[in-house]
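Trainee: I would like to learn how to read a structure like this one. Where do we begin?

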Amino acid sequence: IPGDGGSHSLGTLRFAPDGTLFVGNGDGSNGDELSLRSQDLTSWSGKILRINRDGTAPGDNPFDHGTNSIRSKVWLYGVRNPFRFVIHPTTADLYMGEVGWNTWEEVNRGVPGGNYGWPCYEGVGPQPFFQSQFPLCFQLSPSAVIPPYYTYDRSEGAAAIGGPIYTGGLYPASYQGNFIFGDYVGGWIRRVIIDASGNPTSVQPFATGVPAPVTLEQGPDGMIYYLSFTTRQIRRIRFNGPSAV
């Protein structure tokens, strides 16, 4: 897979229980015409791919047509930078942070075959620049695009970072099965509450004063760890009650 852009390139790798590998790849663009590759099923860019251990297509991906082509390896598309995603342990859906461009950040529930709209749609609606410049975008119907579950603007943060589904036992029971995500610029971590069917239902605070998180993981001890880019530290969050220090 070529890394042919200066930013928003390869990001997350996750093995599924069946042994296939999910690969997140951004659009490799800084908001120019290359972003349109996210809508092109013959391009690696702006996709989450699902492949076998040897790099071949598994054969049951949503756009597979039996030729081991790029489109046969696409699981979902129309993303700008799915920077950190996780596989839900029971539904096998993907939950991801989607890094925005100038205005919106997103949290998405990733489903097979889904088109998440970038660059024609961003955040809560059509992306004005691309809609005005490129026929591909104003011809793409809103009904063909899966909207984000949760969005926030630049007053809250500027780089969504997806984390784990919490399965540990050291936080309150209400945290079980939550999708944990943060924002690199906003310096916070939040949690998405997910119901028994895998549907997101609400977003709640988790931690504030978190310096520049770029990776969030659940440790073997059942606590959330994050990598702080600016402090060059790996930090751990212990639950100390509703008014934690």
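Mentor: With strands. Two strands pair if DSSP finds at least two bridges between them. One caution: this is a predicted model. Now apply the rule. Strand β13 (residues 188-194) and β14 are joined by seven bridges, in the antiparallel sense.

Trainee: Which residue stands opposite I189 in β14?

Mentor: A207 does; find I189 and look across to β14.

Trainee: What holds paired strands together in a sheet?

Mentor: The general idea is that strands of a sheet pair through backbone hydrogen bonds, either parallel or antiparallel. In this model, β13 and β14 belong to an open sheet of four strands. Its order is β11-β12-β13-β14, with antiparallel pairing. The edge strands, β11 (160-165) and β14, each pair on one side only. Neighbouring strands here are turned by 25° against each other on average, direction ignored.

Trainee: What is the order of the strands in the open sheet that includes β7?

Mentor: The order is β5-β6-β7-β10, an open sheet of four strands, again read as antiparallel. At its edges are β5 (85-87) and β10 (150-153), each pairing on one side only. For this sheet, the average turn between neighbouring strands is 10°, direction ignored. Look at β7 and β10: four bridges join them. In one of these, V107 has Y150 of β10 as its bridge partner.

Trainee: Now a hairpin. How many residues lie between β16 and β17?

Mentor: Four residues lie between them. Strand β16 (residues 224-228) and strand β17 (residues 233-237) pair in the antiparallel sense over five bridges. S228 has Q233 in β17 as its bridge partner. In the turn, R232 has a positive phi of about 60°.

Trainee: How do I read a nonpolar core?

Mentor: Start with a tendency: in soluble globular proteins, nonpolar side chains tend to be buried together. The largest nonpolar core here has 13 residues. Those with the most contacts inside it are Y171, I189, F206 and I237. Two elements, β14 (200-208) and β16, give two or more residues to this core.

Trainee: Which residues does F206 touch, leaving out those up to four places away in sequence?

Mentor: F206 touches Y171, Y175, I180, I189, R190, R191, I224 and I237. Apart from this core lies another, of twelve residues, among them Y150, A160, F181 and I194. You have met Y150 already, as the partner of V107.

Trainee: And disulfides. How many does a search of the whole structure find?

Mentor: One. A disulfide joins C120 to C137, with S to S at 2.2 Å. It links distant parts of the chain, 17 residues apart. C120 sits in the loop between β7 (104-110) and β8 (121-122), and C137 in helix α2 (residues 135-138). The link is left-handed, with -70° about the S-S bond.

Trainee: Is C120 buried or exposed?

Mentor: Buried means under 20% relative accessible area. C120 is at 0%, so it counts as buried. C137 is also at 0%, so the verdict is buried there too.

Trainee: What does the side chain of Q131 reach?

Mentor: It reaches the backbone oxygen of C120, at 2.8 Å. Q131 is found in helix α1 (residues 128-133). Its relative accessible area is 18%, so Q131 is buried. Leaving out residues up to four places away in sequence, Q131 touches C120, Y121, P126, C137 and F138. Both cysteines of the disulfide are among these contacts.

Conventions: Residues numbered from 1 in each chain as written. Predicted model: local features only at pLDDT ≥ 70, side-chain atom pairs only at ≥ 80, totals over all residues. Heavy atoms only, no water. Disulfide = S-S within 2.5 Å. Buried < 20%, exposed > 50% of the residue type's maximum accessible area, 1.4 Å probe, protein only. Polar contact = N/O pair within 3.5 Å; in protein donor to acceptor, adjacent residues only side chain to side chain. Contact = heavy atoms within 4.5 Å. Axes fitted to C-alpha atoms, helices over the stretch in contact; angles between N-to-C directions. Core = buried A, V, L, I, M, F, W, Y, C linked by side-chain atoms within 4.5 Å.
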